[in-house]
Amino acid sequence: MWLPLILTLTCLFISTPRVAQGADQHVLGTVMAIDAKHIEIKTSKGLVDLQVNKQTKFKDQHNPKGTNMPEVGDRVIIMATKNDKKGVKKGDPPLLATEIHFSTAKRVPISIEPVPVE
């Protein structure tokens, strides 16, 4: 009777709560529009508009050392912070992208093989 109780209490005290990475937010989706100042992402919950600046880092899955930018249709994972700076204009998006990890959406043609009829 004491063993399960001791084991349970030990597990509760040993496990540590997961601490958030700070104020970062993650956005996962597909690029719908992109330019020098903003990027629009289609997520499972709708469209998300993020601000992009000179400090934003772009990391390509297939070419990590390249300086490529994502294109419309690419899958992205974006690390973003809330845009609380004083120089923010009223129409700017509320999130500022700090890192954009992306993978190009290259489509491979599917070869169609004939199905034998019996």
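Two residues are said here to be in contact when heavy atoms of theirs lie within 4.5 Å of each other. With that cut-off in hand, and leaving aside neighbours within four places in sequence, Thr43 is in contact with Val27, Leu28 and Val48. The structure in which these contacts are found is a predicted model, and the paragraphs below go from the chain as a whole to its strands, and from there back to single residues.

The chain has 118 residues, of which 22% are buried. Its secondary structure comes to one helix and six strands, and the order of these elements, read from the N terminus, is α-β-β-β-β-β-β. Among the contacts that join residues at least 6 apart in sequence, 56% are between residues at least 24 apart. The accessible surface of the chain is about 9,900 Å², and carbon and sulfur atoms account for 60% of that surface.

The helix, α1, covers residues 2-14 and includes Leu9. Leu9 is also one of the residues of a nonpolar surface patch of about 900 Å², the others being Met1, Trp2, Leu5, Ile6, Leu12 and Phe13. With a relative accessibility of 39%, Leu9 counts as partly exposed, because that class lies between the limit for buried, under 20%, and the limit for exposed, over 50%.

After the helix, the strands can be followed through their pairings. Strand β1, residues 25-34, runs antiparallel to strand β5, residues 75-82, and six bridges join the two; in this pairing, His26 has Met79 of β5 as its bridge partner. Strand β1 is also antiparallel to strand β2, residues 38-43, to which it is joined by four bridges. Here Thr30 stands opposite Lys42 of β2, and Ile34 stands opposite Ile39 of β2. The strands β1 and β2 form a hairpin, with three residues between them.

Strand β2 is in turn paired with strand β3, residues 46-51, in an antiparallel arrangement that has six bridges, and a hairpin of two residues joins β2 to β3. Within this pairing, Thr43 has Gly46 of β3 as its bridge partner. The side chain of Thr43 also reaches the backbone oxygen of Gly46, at 2.7 Å.

Which side chains of β2 are buried, and which are not? In a regular strand the side chains alternate between the two faces of the sheet. Along β2, Ile39, Ile41 and Thr43 point to one face and are buried, whereas His38, Glu40 and Lys42 point to the other face and are not buried. For Thr43 the relative accessibility is 17%, so this residue counts as buried, since the limit for that class is under 20%. The contacts of Thr43 with Val27, Leu28 and Val48, named at the start, can be read beside this value.

Further along the chain, one salt bridge is counted. Glu99 forms this salt bridge with Lys59, and the closest N and O atoms of the pair are 3.9 Å apart. Because Glu99 lies in strand β6, residues 95-103, and Lys59 lies in strand β4, residues 57-60, the pair ties together parts that are 40 residues apart in sequence. How accessible are the two partners, Glu99 and Lys59? Glu99 has a relative accessible area of 22% and is partly exposed, and Lys59, at 34% relative accessibility, also counts as partly exposed.

The segment after β6 contains Thr104, which is partly exposed with a relative accessible area of 28%. The C-alpha atoms of Thr104 and Gln61 are separated by 8.0 Å, although these residues are 43 residues apart along the chain. Not counting residues up to four places away in sequence, Thr104 touches His62 and Asp74.

Terms used:
Residues numbered from 1 in each chain as written. Predicted model: local features only at pLDDT ≥ 70, side-chain atom pairs only at ≥ 80, totals over all residues. Heavy atoms only, no water. Patch = residues over 30% accessible without salt bridge, like charges linked within 9 Å, V, L, I, M, F, W, Y side chains within 5 Å. Areas by Shrake-Rupley, 256 points an atom, 1.4 Å probe, with all protein chains shown as cover. Salt bridge = Lys/Arg side-chain N within 4 Å of Asp/Glu carboxyl O. Buried < 20%, exposed > 50% of the residue type's maximum accessible area, 1.4 Å probe, protein only. Pairing = 2+ DSSP bridges. Polar contact = N/O pair within 3.5 Å; in protein donor to acceptor, adjacent residues only side chain to side chain.
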